[in-house]
Amino acid sequence: MSGAQAHAIWSGAETAHAVFSVEGMRCASCSRAVSLAIGQLPGVSRVSVNVATQRAVVDWDPRQVDLPRILAAVTAAGFRAAPLAGEAASGTRRLERRLALKRIGLAGLGMMQTMMFVYCLYAGGSHGIDPHIAQYLKVAGMLVATPVLLYSGAPFLRGAWSDLRRRTLGMDVPVALALVLAYGASVVNTLRGTGEIYFDSVTMFIFFLLAGRFIEMTVRQRNMSATEALAHSLPAAVTRLKDDGSTERIPPERVAAGDRLSIPRGAVIPVDVELAEPEARVSESLLTGESVPIVKACGATVLGGSVNIGQPIKVRALRGVGDSMLAHIVQLLERTQAERPRMARAADRVAAWFVFVTVALALGSAGLWWMISPARAVSAALAVLVVTCPCALSLATPAAFAAATARLAKLGLLVTRPDALERLAAVSAVVLDKTGTVTAGVPAVRVTRIQGDLSRAEVLQIAAALERVCDHPIATAFRPYETPERVAVDVREFAGRGVEGRVNGRLWRLGTADFVAELCGERPVESGGVLLGGTAGLVAVFAISEGLRPAAANAVRELRELGLEVIMASGDDRSVVRGVGAELGIAEAYGRLSPAEKLALVREREAAGSRVLMVGDGINDGPVLAAASVSCALAEGSAIAQSAADLLLLNESLTTLAAAIRAARQMRGVIRQNLTWSFFYNLAAVPLAAAGLIAPWVAAIGMSMSSLLVVLNSARLARPRATAATPSATPLQPSLVARVGP
Amino acid sequence: MNIVFLLIPLGLVLLAAAIWALFWAVNSGQYDDIEEAGRSVLEQDEPPR
């Protein structure tokens with residue numbers, strides 16, 4: 001696993017930590033097997049395996065065991081360990097997808113061909129057929145079905161084999177049993193020259209099951225690429241300056257506190273550092289989603305994960321990479337994600353019971369028939385196995401999910417976790433982060449106080465003139481007030497403090513209270529805000545706030561109409577948050593919340609029984625996103641929030657969320673219909689099959705029709721439904737408005 | 001009806017050819033990103049000549 005990125009592997013002197021993906025886990029017993037295999041190694045202090053995300057998190061003591069041995073243990077347990085992210089991971093995913101496509105293609109082509117041959121035999125059954133030709137057709141069927149079984153059916157056979165070796169009953173067991181039984185009986189009958197053949201059942205079976213798994217796989221792979229953005233952030237090597245002046249290149253993991261590093265232009269700063277230059281321009285977009293550059297002064301702390309976009313700088317490391325804030329938050333994310341599969345555990349328990357009942361029924365009916373009339377034992381057992389095949393069951397959810405996902409993608413919402421939509425349908429409360437999710441990121445200026453003889457307009461123009469040459473984020477707020485009559489000359493920027501310049505002959509300073517007080521000698525009563533002062537005294541106080549996103553108020557109204565509580569939880573100033581809450585019509589708006597307090601709020605609501613949808617975008621929301629029932633990040637938000645979130649909002653409009661919840665509820669309804677249908681179908685068909693009243697080929701056709709019905713029912717979800725007078729999401733994107741279907 | 005004894009193997013040969021073509025297409029990466037072709041129409045850049 002060389003090439004695994006720094007966030008996935010950390011190594012200190014006493015503990016090392018790695019996150020990697022484990023392929024081939026299908027259920028809880030598989031993840032238990034992996035945990036046991038890794039946990040048995042000496043020196044491993046913690047193992048956490050998550051089937052839903054196909055990930056393993058391992059902490060170990062590097063003095064006692066190393067990563068290659070851990071990976072070997074995973075392989076010995078019958079699974080494959082693969083890098084979580086990076087070049088190698090995307091290569092693995094590509095291969096996995098290609099293999100799946102080849103298997104499905106072969107199964108599909110084989111299925112069509114065997115059905116052609118078998119149809120002739122069925123026709124021959126009623127109208128008479130030359131026995132030589134019948135035999136020929138049977139052999140041809142065998143020739144086609146054999147590679148299909150061995151190549152396309154391999155995952156089921158191998159899965160069942162490893163399930164049985166571990167003495168558990170996974171979903172693969174009855175499938176493999178049916179396949180082997182059908183194929184074996186058909187081959188025997190072909191060689192004998194008499195009796196039924198079931199090659200068509202074998203191929204159809206394999207095709208439908210593979211199709212369902214393919215859908216699940218594509219969704220899972222899409223989820224992984226969000227984590228990649230994070231992994232690519234840290235560099236493979238960083239330059240350390242030694243005391244004698246020479247330089248050496250070391251991996252980020254080896255950086256110790258106190259090391260002096262040289263960061264070139266465009267490079268990511270690997271650890272939390274202190275700036276050793278007078279000034280530097282960095283971008284914290286990875287952490288905050290804010291792509292506007294920030295100027296840092298000498299001695300300021302720059303967080304690991306920031307990108308140096310100015311001249312090459314020298315810095316001093318404050319902590320190692322394992323202790324950087326970036327690392328801590330990612331660790332928190334991994335931990336919270338590993339503890340998450342509520343749905344999965346319940347589903348696995350049902351599956352094991354279902355499998356047991358299926359196999360028992362099949363054996364039971366075979367046994368009964370053996371006593372009455374052995375020839376029908378095989379066909380009865382097969383019919384039972386085929387009819388109870390969890391095909392419709394296994395397609396019910398993925399098909400509905402795929403259709404709902406497609407519809408949401410058209411609306412601009414990307415679903416990155418398979419069970420996110422089901423959880424979204426059950427949501428009862430929405431928690432919004434004020435900055436970013438509701439505000440538009442373009443700052444707006446409010447003049448909160450004016451003294452002296454200048455008018456509001458003049459004051460804004462002076463400030464705009466001073467800020468004109470600055471790239472500071474605050475400067476953009478003043479742009480609308482620029483005017484050619486007021487031009488600033490001799491402008492000097494003081495990083496982190498403000499800007500000074502002459503406008504129409506008078507010297508002005510715009511910036512923090514201390515900075516401006518040096519010039520004008522006055523301080524305002526209230527704290528905060530941006531001050532403008534001249535030699536004559538303080539002239540104005542501005543408040544810079546962010547404007548609201550278009551349609552935010554509409555979105556809040558729609559969410560309330562759906563019966564959801566809307567809550568705002570933000571780290572910003574209390575009065576500002578309350579103001580925004582009032583404008584949007586949100587009763588519960590909390591400001592000045594630290595990330596831990598936000599997490600506590602979400603946990604408290606969840607414990608009280610609500611299901612929370614958390615919408616956030618900054619790095620501080622990462623762990624909170626992972627703790628909520630469903631989380632949604634914004635596309636302009638930080639990469640960390642995106643990899644933690646279940647949903648990704650691509651456009652700026654929050655009304656998409658309301659549409660998503662409606663779609664999720666419809667999907668839940670369709671899934672219930674699908675499951676109800678498959679359940680009753682099985683209930684009715686099993687006694688008939690066990691009684692030998694259904695030939696296996698009829699059972700196979702019945703199973704296929706049942707699956708088709710489920711898929712068609714799910715396809716209804718793909719078309720966006722019309723809602724009464726849906727307002728345009730944003731003026732720029734009218735095509736995203738749901739349209740009336742034909 | 002004896003022509004069937006020729007037609008069936010012919011059918012199997014065609015099937016093998018279809019499977020070969022599918023495997024070739026998948027292995028040469030044509031199915032790696034099926035949305036890209038549609039999206040590329042909207043890009044501004046000139047296609048490579």
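This passage describes the interface between chain A and chain B in a predicted model.

Because the model is predicted, local features are considered at pLDDT of at least 70 and side-chain atom pairs at pLDDT 80 or more, whereas totals for chains, interfaces and linings use all residues. Residues are numbered from 1 along each chain as its sequence is written, chains are lettered from A in the order in which they are written, and side-chain values use heavy atoms, without hydrogens and water.

The model scores ipTM 0.87 and pTM 0.55. For chain B the mean pLDDT (the predictor's confidence in each residue, from 0 to 100) is 82, and 80% of the residues of this chain reach 70 or more.

At the interface, 17 residues of chain B are in contact (heavy atoms within 4.5 Å) with 18 residues of chain A. The buried area, defined as the accessible area (1.4 Å probe) that two parts lose on being put together, summed over both, is about 1700 Å², and carbon and sulfur atoms give 76% of it. On the side of chain B, the residues that lose the most area to chain A are Phe5(B), Ile8(B) and Asp32(B), which together account for 30% of what that side buries.

Between chain B and chain A the count of salt bridges (a side-chain nitrogen of Lys or Arg within 4 Å of a carboxyl oxygen of Asp or Glu) is zero. Over all chains, the count of disulfides (pairs of cysteine sulfur atoms within 2.5 Å) is likewise zero.
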